[in-house]
2 protein chains.
Amino acid sequence: MRFLGLNKLPIAQAHLRALNNAGVNSVKFYSATAEPKEPVVRTKTIPGPKSVELNKKLGEIQSTGSIQYFADYEKSSGNYIQDVDGNVLLDVYTQISSVPLGYNHPRLLNLFKDDKNIKTLVNRPALGVFPGKEWPDKLQSILLQVAPKGLNKITTMMCGSCSNENAFKSIFIWYQNKVRGTAKLTEDEICSCMVNMPPGAPELSILSFKGAFHGRTLGALSTTHSKYIHKLDVPSFDWPIASFPQYKYPLEENVAENKKEDEKCLAEVADLIEVYKKKGKPVAGVIIEPIQSEGGDNEASPEFFQGLQRICKQNGSALLIDEVQTGGGSTGKFWCHEHFNLESPPDVVTFSKKLQLGGYFHNDDFVPKEPYRIFNTWMGDPGKVIILEEILKVIKEEKLMGNVASAGKVLKDGLLSLEKEFPNLLNSTRGRGTYLAVNSVNGKVRDSIVANLKLNGIQTGGCGENAIRFRPALVFKEHHANIVLDRFRKVLKSL
Amino acid sequence: MRFLGLNKLPIAQAHLRALNNAGVNSVKFYSATAEPKEPVVRTKTIPGPKSVELNKKLGEIQSTGSIQYFADYEKSSGNYIQDVDGNVLLDVYTQISSVPLGYNHPRLLNLFKDDKNIKTLVNRPALGVFPGKEWPDKLQSILLQVAPKGLNKITTMMCGSCSNENAFKSIFIWYQNKVRGTAKLTEDEICSCMVNMPPGAPELSILSFKGAFHGRTLGALSTTHSKYIHKLDVPSFDWPIASFPQYKYPLEENVAENKKEDEKCLAEVADLIEVYKKKGKPVAGVIIEPIQSEGGDNEASPEFFQGLQRICKQNGSALLIDEVQTGGGSTGKFWCHEHFNLESPPDVVTFSKKLQLGGYFHNDDFVPKEPYRIFNTWMGDPGKVIILEEILKVIKEEKLMGNVASAGKVLKDGLLSLEKEFPNLLNSTRGRGTYLAVNSVNGKVRDSIVANLKLNGIQTGGCGENAIRFRPALVFKEHHANIVLDRFRKVLKSL
């Protein structure tokens, strides 16, 4: 990333004039991202020696078992992450799918040349009490601009877990309001909830799916079932857990069998709702990912989601679609559930990661009637919203959704070819857009592939028991896909 | 806030040279904060007409029941918040106690004139996997610099609720490791936790106190008992809840009675630990605020906290002190529990608000042995840490802890005088540093005082049933305290 004089950048000059006219002082501009041409691996192992040294230092202060290496974010650029040992990796994992425009995008760097944005950063308000004058406009022009069709209300939060936790609460409140009807709140409800007991703190449940991941705070964790290490030793709510479809691939060769799988899983959902109603823990809501990510990039068909919505409606349970990882464009649509042609909008859609802050979209039914029911000190972060605003502009101006489609096609076709070429190592290529995954034959082989890909300059991630997941940024293009595929082939040949 | 040329600021010039030597281009500096001399109220009601208009607009998008007015943060300065209708209020509530240096502090504005800091903002990493090269140093030089004595480990998070939630998890893991001893993890534990059942998801509990506030996500909410509206309709864990001391004021005239109150409450804690052990829900940890804030600014004596720690140790329960609101200097010490002369450090101390990001300090025992047990995508936010770094420097350089002591004394003495002057309206002045509160005779009078204070240019907050809380920034000085007291007297006279 070089810092250019203004005279070298005619576009920046025009932008500068516009900003000067708007009363903004002294704006300097970063040049367009100069990405490396290809990955460069300089050390025999990753982490290299400098990362190992830093890891030792950090280990004196906190747990470091999950750290892969230490990055040099000043030197990272576009799709390439650079580590402290000078390794330059093509990053198709992007901080667990949370970097939409790659590293050091010039448009994001320029944002904070604007004094107004700096003031937004340093004056963080309690948004639920003293929002800034621009907040209604920002919500309208930024977040509602990308609202899932049919959902015109937004509640902002900080991260994915607290978005799901608060969405649960909105669902519980909505459900109890239906139960209560026109009856007045009783003294018993008020007093019992203060000591964590029914009827005020009712035994309601949220149905989730095996393999699901919805976060790690205690409520969210009760709906997470991807790996035991996330859940062991932590008390949990007794909430129902249904089977998520497990498909045979390729899909087009297993249509009848996969359809049966859908039906079996949907029947289980309906059955569990009945069982938990009888158990005195009615299902207020159902939470589901459009693609189970942490759990192994498990897909379900549009028909499955349509059926699930019907069951929810029949039973008066809200349907919450968790788009924390799938949201933001990389599945080829801004929200993955747009692929499902649902009969009506889902009740609640949660987001975070690529959207920089957390939150959930919903309709009027899920707006609490009383103040302070859904509330916390910060309720989101305007400093993140201004970054999101610029990200959405860049997605539009640089036509990044088209990018996702074309680069995704190259990557998926390539993975399908590799699967045919190496049937003893790979199978079940799947996904949408650039949001793709492929299985290896077992966890050990998967781990070896992911490690070798890294040593060949490609940063991927594992998920589930034996899947490799691809989560490139939206600026990932066809030529990046070809680099990934070339290096992947090289790794597979070497095994 | 004026934007000065560099030639007018010799200190800035020296700073600029230093930065230029460090390779930073084009840094401009803000002048020192030019605060208004006193509050100015221009509208007959607050919210004024422009706030009402914006509220209508926001109401189309989300719940607005808790909003007081819309602020103009560009025009707010130091201790003064300005609203969109031109009202300038002396802010002694500071976004629910989360603004340490007031609004638009020049040192914070200057931070983002540094390109390096901007890169930190726009390249947000998954800190648990790919931290930046400066992360170990930042934790060491910033967060550990203010670590409570005896706690040398830090886990960073995003907000107060998720700090408490993750601290609970650390405590549960620690507790189960003690129970497990040298025994190996069983298949039964692994399988049962995946379906939310014991023994893998054991029925452990966290003991909390009546009137406590520890957040609103489902785990944290199970330990929150300040107001029913926070808890109604939300399922909860059956965890024990003990009485928090309720003192008679003035403290020096009620020593014996308050001591008895301490003993009664401590006996209740010991008893509940026994009861919940027998119930099969052993108390893994006890969570407590040094001053119950949301619940009414309820204090407990150092002797109470010492006794509580002894009970925890006797029963093998961890002591978690929640300093989310009390931490950061306004009680006269950086951590309020430093006032308590505990025999040994608490096991876990959580923080957020004034510290810009969340997290918890702990010792080696609470570092999970396996990776991914305490984890999420972001694990904090380096962009907030650079703000915290500057805040801590300013606290030191501007000797703000001395400020808190002197301004706090003026404010507390003044409140005690007002209490004597208006015994039918006020009582029970209490608190430490500038972290002060006074009770009014009932909730209705309290609400009227808070509303009238606002119309007289003073932004305070209510808490509990009938308390008024003062949460000024650390830059709040003696002359600000005198303005608050003058206006408060005027309001009390008018009632």
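Q: In this predicted model, how many disulfides are there over all chains?
A: A disulfide is a covalent bond between the sulfur atoms of two cysteines. To count here, a pair of cysteine sulfur atoms has to lie within 2.5 Å. Over all chains of this predicted model, the number of disulfides comes to zero.

Q: Why is A:Cys162 not bonded to the closest cysteine sulfur, and which residue holds that sulfur?
A: The cut-off for a disulfide is 2.5 Å between sulfur atoms. The sulfur of A:Cys162 is 3.8 Å from its closest cysteine sulfur, so the two are too far apart for a bond. That closest sulfur belongs to A:Cys159.

Q: Is A:Cys162 buried or exposed?
A: Buried means under 20% relative accessible area. A:Cys162 has 6% relative accessibility, so it counts as buried.

Q: How far from B:Cys193 is the nearest cysteine sulfur?
A: Let's turn to chain B. B:Cys193 is buried, with a relative accessible area of 0%. B:Cys193 is in no disulfide, and the nearest cysteine sulfur is that of B:Cys191, at a distance of 8.2 Å.

Q: How many salt bridges does a search of the whole structure find?
A: Side chains of opposite charge can pair when their charged atoms come close. The cut-off used is 4 Å, from a side-chain nitrogen of Lys or Arg to a carboxyl oxygen of Asp or Glu. Over all chains, the search turns up 62.

Q: Which residue forms a salt bridge with A:Arg487, and how many residues apart are the two?
A: The partner is A:Glu38, with the closest N and O atoms 3.5 Å apart. A:Arg487 sits in helix H16 of chain A, while A:Glu38 lies in the loop between helices H1 and H2, so the pair links distant parts of the chain. A:Arg487 is buried at 19% relative accessibility, whereas A:Glu38 is partly exposed at 44%. Along the chain, the separation of A:Arg487 and A:Glu38 is 449 residues.

Q: Which residue of chain B forms a salt bridge with A:Asp233?
A: This pair crosses between chains, starting from A:Asp233 in the loop between H10 and strand E5 of chain A. On the other side is a residue in the loop between strand E11 and helix H13 of chain B. Both partners are buried. The closest N and O atoms are 3.1 Å apart, and the partner is B:Arg373.

Q: Which residues are joined into one network with B:Lys133 and B:Glu134?
A: The side chains of B:Lys133 and B:Glu134 meet in a salt bridge, 3.9 Å from N to O. Both are partly exposed, B:Lys133 at 28% relative accessibility and B:Glu134 at 30%. Through salt bridges that share partners, the network also takes in A:Asp72, A:Glu74 and A:Lys75.

Q: Which element gives the largest share of the lining of the largest pocket?
A: The largest pocket has a volume of about 960 Å³, and 45 residues line it, with B:Tyr372 among those nearest its centre. Elements that give two or more residues include helix H7 and strand E15 of chain A. The largest share, five residues, comes from H15(A).

Q: Which domains of chain A each give at least three residues to the lining of the second largest pocket?
A: This pocket holds about 780 Å³ of space. Its lining has 30 residues, and A:Gly211 and A:Gln246 are among those nearest the centre. By class, the lining has nine nonpolar, twelve polar and nine charged residues. The domains are domain 1 (11–109 + 401–494) and domain 2 (125–380).

Technical notes:
Residues are numbered from 1 along each chain as its sequence is written. Chains are lettered from A and ligands numbered from 1 in the order in which they are written. This is a predicted model: local features need pLDDT of at least 70, side-chain atom pairs count only at pLDDT 80 or more; totals for chains, interfaces and linings use all residues. Side-chain values use heavy atoms; hydrogens and water are left out. On a 1 Å grid over the protein atoms alone, a cavity is a set of points where a 1.4 Å probe fits but cannot get out, and a pocket is an open set with protein on both sides within 12 Å along at least five of seven lines; lining residues have an atom within 4 Å of a point. Grid points are joined across faces, edges and corners, and a volume is the space filled by probe spheres set on the points. Helices (H or I, at least four residues) and strands (E, at least two) are DSSP runs, numbered from the N terminus. Ala, Val, Leu, Ile, Met, Phe, Trp, Tyr, Cys and Pro count as nonpolar, Asp, Glu, Lys and Arg as charged, and the others, Gly among them, as polar. Domain bounds come from an automatic or database domain assignment. Buried means under 20% relative accessible area, exposed over 50%, partly exposed in between (1.4 Å probe, protein chains only).
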